[in-house]
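Okay, thanks for coming, everyone. Let me put the model up, and then I'll walk you through a few spots in it.

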Amino acid sequence: LPAAGGPGPRGGGGGGRGVVSRLVLRGARAPGDVAVRDGRIEAVGRVPPAPGDEVLDCEGCLVTPGLVNTHHHLYQWLTRGRAVDQGLFGWLVTLYPVWARLDPEDVAAAARVGLAELAVSGASTVADHHYVVPGGDDSVFDALADAARAVGVRLHLSRGSMDLGQSHGGLPPDQVVEDTEAILASTEAVAGRLQDGERVFVNVAPCSPFSVSTTLLEESAALARRLGLRLHTHLAETKDEERECLARFGRRPVAVLDELGWVGPDVWVAHGVHLDAGEVARLGAARTGVAHCPTSNGRLGSGICPVVPLRRAGAPVGLGVDGAASNECGRLQPELRQALVLARLAAGDAGALQPAEVLAMATAEGAACLGLEDVGRLEPGARADLAVWDLGDAWDVADPVAAFVLGPERPCRTLLVGGEVVVEGGEPTRVDLGAARAELARRARRLWP
């Protein structure tokens, strides 16, 4: 909710204060207030003052729901800036052997930095797809959950997997794949010990059609539905993937997944770049979500997701940063502008996608991809995941949402997750980001040739 222009934000309280009895985000122009109590939004609009309120002055700011990152690979912070001239398959072949050397402590260090950077860019919910599990050591998922709790964001932890190594016709080297039955048992165990339905959610997430067996895909779908979990995988990211599926199955990637039970409202897929009109219609009719990762797809030369046709067909489309090894920025807010620009380029139409629609993709539609009905909304009863953005440089812009989406990258001034302040003054309140970056750099340099 925009506030009137003026001298800009003032105050905001001390970092790390946690949940208060009632916190009111006060705008200078009604209806510009948001009241928070017990981790939920209590009221939106004109909120009369009450004794004991803590007030966060949001004059000159835009308040949005916390952003939702629908696809990420946190471990890839350790390998930024590599294979910069490679498409997806060449990039993967270059990096798989490096990723095979990572241990859970490495992943934890990358996750602390990655999640803190995402929080600073307004992301209150992050879907991480971790599919490299050397030796089957699934304690790496505990490390990821611990990092999310440390930073304070919600984590959709996708227990990724690969069971089709090069010796059996897959792309990944054999040392990074796991046994099919072990993957399924581990996935159920990870969900049993980590899913809490509040801050950590577990999803079933075989990596991609070219790195897993059909058995794993079928059994994973059955497991997810037995446990009431969501399904996630990569889909239709490149022409190479399409050619691989045609050679192996005689069908395109969407048809392969559809036959294996992977098209439905409890599924969201990453990328969805190379989809024809029939595939767009099928995903839309099934309400299968798509995580659009514009910068990563551009960095790897993969193409542009058909965002506008997918949304018109009924598919929820969220935004994703993807791993920092294919999107070295690692922040979510810049993806809003990228998504708008690329959608208009793809359509050849300056009206194809509007700033407010992109903001919806980054919030409510992203939450829909993850099956979260009470996230990504500014309405009473929703979780109090809120981002405050300083628009002091854009008081001359009549539409604050346009200023936010089309303007420069900006850090989130204040981020609340469940009513708890986890970013204050553009810095995380619960982790020392400078120290975390130093530890990450030390571990990353160990992996250099």
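**A histidine, some cysteines and a pocket**

Let's start with His72, which is buried, with a relative accessible area of 0%. One thing to keep in mind as we go: this is a predicted model. If you're hunting for that histidine, look in strand E6, which covers residues 67-72.

So what does the side chain of His72 make a polar contact with? That would be the side chain of Asn69, at 3.1 Å. The His72 side chain also reaches a backbone atom, the oxygen of Asp322, at 3.2 Å. Leaving out anything up to four places away in sequence, His72 touches a list of residues that includes Trp77, Leu118, His129, Val321 and Gly330. Asp322 is on that list too. Hang on to Trp77, please; that name will come back.

Next, cysteines, for anyone thinking about disulfides. How many are there? The count is 0. Take Cys305: the closest cysteine sulfur is in Cys293, and at 8.8 Å that's too far for a bond, because a disulfide needs the two sulfurs within 2.5 Å. Cys329 is in no disulfide either, with its nearest cysteine sulfur, again that of Cys293, 13 Å away.

Are these two buried or exposed? Cys305 is buried, at 2% relative accessibility, while Cys329 comes out as partly exposed, at 33%.

Over to Phe89 now. This one sits in helix H1, residues 88-99, and counts as buried at 14% relative accessibility. Its contacts, again skipping residues up to four places away in sequence, are Leu171, Phe210, Thr238, Asp240 and Glu241. Leu194, on the other hand, is 105 residues from Phe89 along the chain, and the two C-alpha atoms are separated by 32 Å.

Last stop, the largest pocket. Rolling a probe the size of a water molecule over the atoms shows where empty space is left. The largest pocket holds about 210 Å³ of space. There are 13 lining residues, and the ones closest to the centre are Trp77, Arg80, Ala441, Ala444 and Trp448. So there's Trp77 again, which we met as a contact of His72.

Which elements give two or more residues to that lining? They are helix H2, residues 104-120, and helix H14, residues 433-446. H14 has the largest share, with 5 residues. As for chemistry, the lining breaks down into 7 nonpolar, 1 polar and 5 charged residues.

That's my tour, so over to you.

Terms used
Residues are numbered from 1 along each chain as its sequence is written. This is a predicted model: local features need pLDDT of at least 70, side-chain atom pairs count only at pLDDT 80 or more; totals for chains, interfaces and linings use all residues. Side-chain values use heavy atoms; hydrogens and water are left out. Buried means under 20% relative accessible area, exposed over 50%, partly exposed in between (1.4 Å probe, protein chains only). Helices (H or I, at least four residues) and strands (E, at least two) are DSSP runs, numbered from the N terminus. A polar contact is a pair of N or O atoms within 3.5 Å; within protein, one must be able to donate a hydrogen and the other to accept it, and residues adjacent in sequence count only if both atoms are side-chain atoms. Contact means heavy atoms within 4.5 Å. On a 1 Å grid over the protein atoms alone, a cavity is a set of points where a 1.4 Å probe fits but cannot get out, and a pocket is an open set with protein on both sides within 12 Å along at least five of seven lines; lining residues have an atom within 4 Å of a point. Grid points are joined across faces, edges and corners, and a volume is the space filled by probe spheres set on the points. Ala, Val, Leu, Ile, Met, Phe, Trp, Tyr, Cys and Pro count as nonpolar, Asp, Glu, Lys and Arg as charged, and the others, Gly among them, as polar.
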